[in-house]
2 protein chains.
Amino acid sequence: MARLPGYLRALTALAADGTLSVSSEELASAAGVSSAMLRKDLSHLGSYGVRGVGYDVDRLSSEIAAALGLTQDWPVAIVGMGNLGRALAAYRGFAERGFRVIALLDRDERVVGEVVAGTRVRSTADLPALVEDDGLAIGVIATPPEGAQEACDELVDAGVRSVLNFAPVVLSVPDEVVVRKVDLSTELQILAFHGQRLAVAEAVAP
Amino acid sequence: MARLPGYLRALTALAADGTLSVSSEELASAAGVSSAMLRKDLSHLGSYGVRGVGYDVDRLSSEIAAALGLTQDWPVAIVGMGNLGRALAAYRGFAERGFRVIALLDRDERVVGEVVAGTRVRSTADLPALVEDDGLAIGVIATPPEGAQEACDELVDAGVRSVLNFAPVVLSVPDEVVVRKVDLSTELQILAFHGQRLAVAEAVAP
DNA sequence: ACGACTTTGTGAACACGGGCACAAAGTGAC
DNA sequence: GTCACTTTGTGCCCGTGTTCACAAAGTCGT
């Protein structure tokens, strides 16, 4: 169900335009998928469409938001206050989507206490308290590769079950923990691969 | 071939440890895939393994780097100097992997001329010159969602054929252009979905 | 009230990618 | 030189996820 966020985004845009109802064809093209796929995905949520008409934009938005668990705010902690961590801390995109950054953490005692993006950096030793007292549920790993597994272990030990990993390493975690990976280098290397193929193709048949 | 960067990373780590040769089993576990898959992937590049022994670390690294087109530096431009764009401009992770950020661009004339991360912000109107004179090949879109398609069109018109999109929209591009998407909100929403499922499961069977 | 039309929901065909298992090929000891 | 052992390369099978195509269900005009 990795496509639900995309549908939700398309629906939000439609709602902002004042659209009340949308067909699978329209919504699918706005979300960049095929209409058959969209209908199959939505049918798994339940039958919220009306044959001959389409889907009610508001109704479907609510259903998807509920399915994704976006009816509540999710507390997030960012671990690792290097370049990337500071960038993420300053990025306002989290809050806009219902994710509240409640803590910035670092292992290094020299960084702890520093103020980044208006928030005081705390020690990773505070993690159990954050989970217990503030309901911390999602950890973002923005450490260097060497420290990523350790940061991840601390998060898991404290009770965090969802991790977003920006470090270019494969994390090993227990089965009940979900790790999503965002890897800028990998994406760029895939683009380089494409650039290379284009260059070769042009050299052969200019 | 989206796994090649992962293999390359694992190989680099092995080389740093002084390892000369590696079996598919070892390399696969370091990269987080199955050994059968690793062997199949590598066989597509050519037969660089020796039966009974394994793969030569240096040799394989070179072959993968060559296949990915990492023998050259790739010039990159970042479009959109908002929060995210500034964060990316300050992030040193690009340069470490052979990607040179040669330009920071913005559409807004009030931002053009400002100095971000030591570099003067230029206008998106400079794009054709950057492609022509500096060999710009990869564009990074860090604009707000509303401006993303326009930024993308400008990149494509100027001749850029590889785009890394951070904006939460579906970009439409000609067939020869490759777009990779990095979407923090989507990743977080998938994690929220997981958190929600965990919470529900615990409520049912505590 | 009825019929033409639109659009959903879904069963069935299809395609792709991953895993299994084994033959081929090389190494090293004796 | 031969034999036992290791590890690659690959043909085949299987499961998941996607597309196709159509029947069911509803709307709207007359």
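This is a guided tour of a predicted model, with suggestions on what to select next and what is there.

**Before you start**

Residues are numbered from 1 along each chain as its sequence is written, while chains are lettered from A and ligands numbered from 1 in the order in which they are written. Since this is a predicted model, local features need pLDDT of at least 70 and side-chain atom pairs count only at pLDDT 80 or more, whereas totals for chains, interfaces and linings use all residues, and side-chain values use heavy atoms, with hydrogens and water left out.

**Stop 1: DNA strand C**

Select DNA strand C and show what is near it, where a residue is near a strand if one of its heavy atoms lies within 4 Å of it. You should find 23 residues around DNA strand C, and the closest are Ser24(A), Arg39(A), Tyr55(A), Lys40(B) and Arg51(B). Of the atoms of DNA strand C within 4 Å of the protein, 65% belong to sugar or phosphate, and the rest belong to bases.

Next, colour by helix and strand; these are DSSP runs, numbered from the N terminus, with helices (H or I) of at least four residues and strands (E) of at least two. On chain A, helix H3 (35-45), strand E2 (49-50) and strand E3 (54-56) each supply at least two residues of the surface near DNA strand C, as does helix H3 (35-45) of chain B. The largest share of this surface, 4 residues, comes from H3(B).

Now look at single atom pairs, keeping in mind that a polar contact is a pair of N or O atoms within 3.5 Å; within protein, one must be able to donate a hydrogen and the other to accept it, and residues adjacent in sequence count only if both atoms are side-chain atoms. In the side chain of Tyr55(A), an N or O atom is 2.6 Å from a phosphate oxygen of DNA strand C. Turning to the bases, an N or O atom in the side chain of Lys40(B) is 2.5 Å from a base oxygen of DNA strand C, and a polar side-chain atom of Arg39(B) lies 3.4 Å from a base nitrogen of that strand.

**Stop 2: DNA strand D**

Select DNA strand D, which has 23 residues around it, with Arg3(A), Arg51(A), Ser24(B), Arg39(B) and Tyr55(B) coming nearest. Sugar and phosphate account for 65% of the atoms of DNA strand D that come within 4 Å of the protein. Which helix gives the largest share of the surface near DNA strand D? That share, 4 residues, comes from H3(A).

Two side chains of chain B are worth displaying here: Arg39(B) has an N or O atom 2.9 Å from a base nitrogen of DNA strand D, and Lys40(B) has one 3.1 Å from a base oxygen of this strand. On chain A, a polar side-chain atom of Arg39(A) lies 3.4 Å from a base nitrogen of DNA strand D.

**Stop 3: the domains of chain A**

Colour chain A by its domain bounds, which come from an automatic or database domain assignment: domain 1 is 4-68 and domain 2 is 74-186. The C-alpha centres of these two domains lie 32 Å apart.

Then select Thr186(A), which is found in helix H9 of chain A. Is Thr186(A) buried or exposed? Thr186(A) counts as buried because its relative accessibility is 12%, where buried means under 20% relative accessible area, exposed over 50% and partly exposed in between (1.4 Å probe, protein chains only). Its side chain makes a polar contact of 2.9 Å with the side chain of Arg9(B).

**Stop 4: two loops**

Select Ala117(A), in the loop between strand E6 (115-116) and strand E7 (119-120) of chain A. Ala117(A) has a positive phi of about 50° although it is not a glycine, and Ala117(A) is exposed, with a relative accessible area of 52%. On chain B, Ala117(B) also has a positive phi of about 50°, and its place is in the loop between strand E6 (115-116) and strand E7 (119-120) of that chain.
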